[in-house]
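Visitor: Please take me through one part of this model in close detail. I would like to look at the aromatic side chains and what surrounds them.

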Amino acid sequence: MSAEPAHDEDLSDPELILRDLAERERAEFLRQYHEAVEAARDPAGYRRLRHLLHTWRLIVIAASQAGYYEELDAVRNGVARATPAEEAIPSWQERLAGSMTLGGR
């Protein structure tokens, strides 16, 4: 059996997100989801709902990685081991400068 999602599954489907979330995340997801659904009654709020679902799908993916919750707790407790972006990502300064140029158009 494959861990790959079926091709016909919409990964932004709130039922799938809720199904795949750890129990400890579900109440917060539902709180945010209901708030975003209410805001989406106005067409201007629809983008917020889509963004929320996308963000929670990324959380599902991240939380599936071993050690995710331990690292999250370490960050919250101020004891996480961190590496500055300049050291972790080759050419970070050039990438940052490039994104600033693109954003300033």
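Guide: A search of the whole structure, which is a predicted model, finds 3 aromatic pairs. Start with Phe29 and Trp56. Their rings meet edge-to-face, 5.5 Å centre to centre, with 75° between the planes. Phe29 belongs to helix H2 and Trp56 to helix H3 (residues 46-63), so this pair ties together parts that are 27 residues apart in sequence. Both rings are shielded. Phe29 is buried at a relative accessible area of 1%, and Trp56 is buried at 4%.

Another pair is formed by Tyr68 and Tyr69. This one is also edge-to-face. The centres are 4.9 Å apart and the planes make an angle of 80°. Exposure splits the two residues: Tyr68 is partly exposed, with a relative accessible area of 22%, whereas Tyr69 is buried at 13%. The cut-off for buried is under 20%, so Tyr68 falls outside that class.

Back to the first pair. Phe29 and Trp56 are joined by Tyr33 in one aromatic cluster.

Now widen the view to helix H2. Its buried residues are Glu25, Phe29, Tyr33 and Ala36. An α-helix has 3.6 residues a turn, so residues three or four places apart point the same way. The buried residues of H2 pack against helix H1 (14-20), H3 and helix H4 (68-76). H2 itself has 17 residues. From first C-alpha to last, H2 reaches 25 Å, close to the expected 24 Å.

Next, follow H3 to Arg57. Arg57 lies in this helix. Is Arg57 buried or exposed? Arg57 counts as buried, at 10% relative accessibility. Its side chain reaches the backbone oxygen of Leu11 at 2.8 Å. Leaving aside neighbours within four places in sequence, Arg57 is in contact with Leu11, Leu16, Ile17 and Asp20.

Last, consider confidence. The chain has a mean pLDDT of 86, and 88% of its residues reach 70 or more. Among the elements, H2 (residues 23-39) has the highest mean pLDDT, at 96. Helix H6 (residues 92-103) has the lowest, at 73. Where pLDDT is low, the predicted coordinates should not be read in detail.

To recap the part you asked about: Phe29, Tyr33 and Trp56 make up one aromatic cluster. Phe29 and Tyr33 are among the buried residues of H2, and Trp56 in H3 is buried as well.

Methods. Residues numbered from 1 in each chain as written. Heavy atoms only, no water. pLDDT = per-residue confidence, 0-100. Helix = DSSP H or I, 4+ residues; strand = E, 2+ residues; numbered from the N terminus. Phe/Tyr/Trp six-rings, centres within 6.5 Å; stacked < 30°, edge-to-face > 60°. Buried < 20%, exposed > 50% of the residue type's maximum accessible area, 1.4 Å probe, protein only. Polar contact = N/O pair within 3.5 Å; in protein donor to acceptor, adjacent residues only side chain to side chain. Contact = heavy atoms within 4.5 Å. Expected span 1.5 Å × (residues − 1).
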